[in-house]
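Welcome, and thank you for taking a look. Please open the sequence and the 3D view side by side, and let us walk through them together.

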Protein chains: 2
Amino acid sequence: MGYKIKSRIWIEADDNVLLGEGRVHLLKAIQETGSLTKAAKSLKISYKKAWQLLDSINKSAKKPVTINSIGGKGGGGAELTEYGKSLVVAFDDINKNCWRFLDQQLEKIKNL
Amino acid sequence: MGYKIKSRIWIEADDNVLLGEGRVHLLKAIQETGSLTKAAKSLKISYKKAWQLLDSINKSAKKPVTINSIGGKGGGGAELTEYGKSLVVAFDDINKNCWRFLDQQLEKIKNL
DNA sequence: AATCGCTATATTTGTAAGGACATAACGAAA
DNA sequence: TTTCGTTATGTCCTTACAAATATAGCGATT
């Protein structure tokens with residue numbers, strides 16, 4: 001079996017993490033479920049952790065990434081802003097490009 | 001202040017980690033000091049951790065990465081093989097290329 | 001055979017991250 | 001004004017991981 005190259009990328013703003021793979025997963029789950037509680041359950045992480053992640057995202061982003069509402073019909077909910085949606089798409093795109101780039105670079109090591 | 005993109009890459013062999021940034025640091029320190037004990041001290045990690053890392057590296061690599069000697073003049077020591085040296089160089093090269101690539105990709109997010 | 005500095009491990013101790021749990025606050029709707 | 005399901009937060013408790021410590025073993029040199 002040959003070598004494999006793997007990577008993890010993340011985006012920071014003012015030395016705070018804005019987006020990483022886990023955070024993007026969370027945003028996608030919010031987009032699908034419309035609720036932070038349901039998103040946490042679908043990812044099998046605690047609500048507290050999910051809330052901490054989302055709070056950190058919104059604090060470090062330049063524009064709001066989600067809009068959270070407390071109370072009201074259904075008890076409230078969370079949804080992505082347009083900015084949030086485009087961040088998710090852009091992150092996925094960069095990540096995939098990175099994988100392709102690295103697979104190509106790995107050839108340098110295979111023939112040593 | 002704008003966004004920054006960061007990354008961490010590593011190479012696996014048979015689902016075991018072969019090389020990552022920490023492991024490459026360790027190999028470089030071994031190369032400079034000629035001893036695992038001194039390398040651990042220079043990186044301010046415990047000898048145990050350094051030894052576990054090196055053991056894991058040598059177990060997952062196709063060819064030996066270091067040659068370790070016990071006892072004898074000076075009590076022993078550790079040094080990189082030619083293969084080990086070229087792995088370090090190749091990893092650094094790929095890592096730097098990855099940074100450049102990602103910085104360029106980040107532009108997609110800056111103008112959202 | 002005694003010494004020395006190193007590699008090679010096991011065992012114990014400490015610590016920080018995460019999970020479980022509890023609870024407050026909220027606003028629409030009935 | 002009561003109910004409901006959610007967001008928002010604090011507190012405790014556990015548990016996985018890292019550090020510290022201890023010790024065995026090695027072989028050239030003296």
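In which helix of chain A is A:Ile57 found? This residue sits in helix 3 of chain A. Please keep in mind that everything here describes a predicted model.

**A buried residue in chain A**

A:Ile57 has 24 other C-beta atoms within 10 Å, so it is buried. Leaving aside residues up to four places away in sequence, A:Ile57 touches A:Leu18, A:Arg23 and A:Val65. You can also look from A:Ile57 to A:Gly84: they are 27 residues apart along the chain, and their C-alpha atoms are separated by 10.0 Å.

**Helix 2 of chain A**

Now move to helix 2 of chain A, which covers residues 36–43. Its buried residues are A:Leu36, A:Ala39 and A:Ala40. They span an arc of only 100° around the axis, and therefore lie on the same side of helix 2 of chain A. What do these buried residues pack against? Their partners are helix 1 (21–33), helix 3 and strand 4 (76–80) of chain A. Just after helix 2 of chain A comes A:Lys44, which has a positive phi near 60°.

**How the two copies are related**

Next, bring both protein chains into view. A turn of 180° and a shift of 0.1 Å along the axis lay chain A on chain B with an RMSD of 0.1 Å. The two copies are thus related as by a two-fold rotation axis. Which residue of chain A comes closest to that axis? A:Arg8 does, with its C-alpha at 2.7 Å.

The contact between the chains takes 28 residues from chain A and 28 residues from chain B. On the side of chain A that touches chain B, strand 1 (3–13) and helix 4 (82–110) of chain A each supply at least two residues. Helix 4 of chain A gives the most, with 13 residues. By class, this side of chain A has 17 nonpolar, 4 polar and 7 charged residues. Because 100% of the interface residues of chain A are also interface residues in chain B, the copies meet through the same surface.

**Strand 1 and its partners**

Strand 1 of chain A pairs with strand 1 of chain B in the antiparallel sense, over 11 bridges. To find this pairing on screen, look for A:Ile9, which stands opposite B:Ser7, and for A:Ala13, whose bridge partner is B:Tyr3.

Strand 1 of chain A also has a partner within its own chain: 3 bridges join it to strand 2 (residues 16–19) of chain A, and the two run antiparallel. Here A:Glu12 stands opposite A:Val17. Together these strands form a hairpin with 2 residues between them. In the turn, A:Asp14 has a positive phi of about 55°.

**The surfaces near the DNA strands**

Finally, turn to the DNA. The table sets out the residues around each strand.

| DNA strand | Residues around it | Closest residues | Classes |
|---|---|---|---|
| DNA strand C | 25 residues | A:Gly71, A:Gly72, B:Leu36, B:Thr37 and B:Gly75 | 7 nonpolar, 13 polar and 5 charged residues |
| DNA strand D | 22 residues | A:Leu36, A:Thr37, A:Gly75, B:Gly71 and B:Gly72 | 6 nonpolar, 12 polar and 4 charged residues |

Which elements build these surfaces? Near DNA strand C, helix 3 (47–60) of chain A and, from chain B, helix 2 (36–43), helix 3 (47–60), strand 3 (66–70) and strand 4 (76–80) each supply at least two residues. Near DNA strand D, helix 2, helix 3, strand 3 (66–70) and strand 4 of chain A, together with helix 3 of chain B, each supply at least two residues. The largest share of the surface near DNA strand D, 3 residues, comes from strand 4 of chain A.

One of the residues closest to DNA strand C, B:Leu36, deserves another look. B:Leu36 has its place in helix 2 of chain B. Is B:Leu36 buried or exposed? With 21 C-beta neighbours inside 10 Å, B:Leu36 counts as buried. Not counting residues up to four places away in sequence, B:Leu36 touches B:Ile30, B:Ala50, B:Trp51, B:Leu54 and B:Ala78. B:Glu79 is 43 residues from B:Leu36 in sequence, and the two are 8.6 Å apart in space, C-alpha to C-alpha.

Note on methods: Residues are numbered from 1 along each chain as its sequence is written. Chains are lettered from A and ligands numbered from 1 in the order in which they are written. This is a predicted model: local features need pLDDT of at least 70, side-chain atom pairs count only at pLDDT 80 or more; totals for chains, interfaces and linings use all residues. A residue is near a molecule or strand if its C-beta atom, placed from the backbone, lies within 6 Å of it. Helices (H or I, at least four residues) and strands (E, at least two) are DSSP runs, numbered from the N terminus. Ala, Val, Leu, Ile, Met, Phe, Trp, Tyr, Cys and Pro count as nonpolar, Asp, Glu, Lys and Arg as charged, and the others, Gly among them, as polar. A residue is buried if 20 or more other C-beta atoms lie within 10 Å of its own, exposed if 12 or fewer, and partly exposed in between; C-beta atoms are placed from the backbone. The arc is that of the directions from the helix axis to the C-beta atoms. Two residues are in contact if their C-beta atoms, placed from the backbone, lie within 7 Å. Copies are superposed by least squares on the C-alpha atoms of residues with pLDDT of at least 70 in both. Two strands pair if DSSP finds at least two bridges between them.
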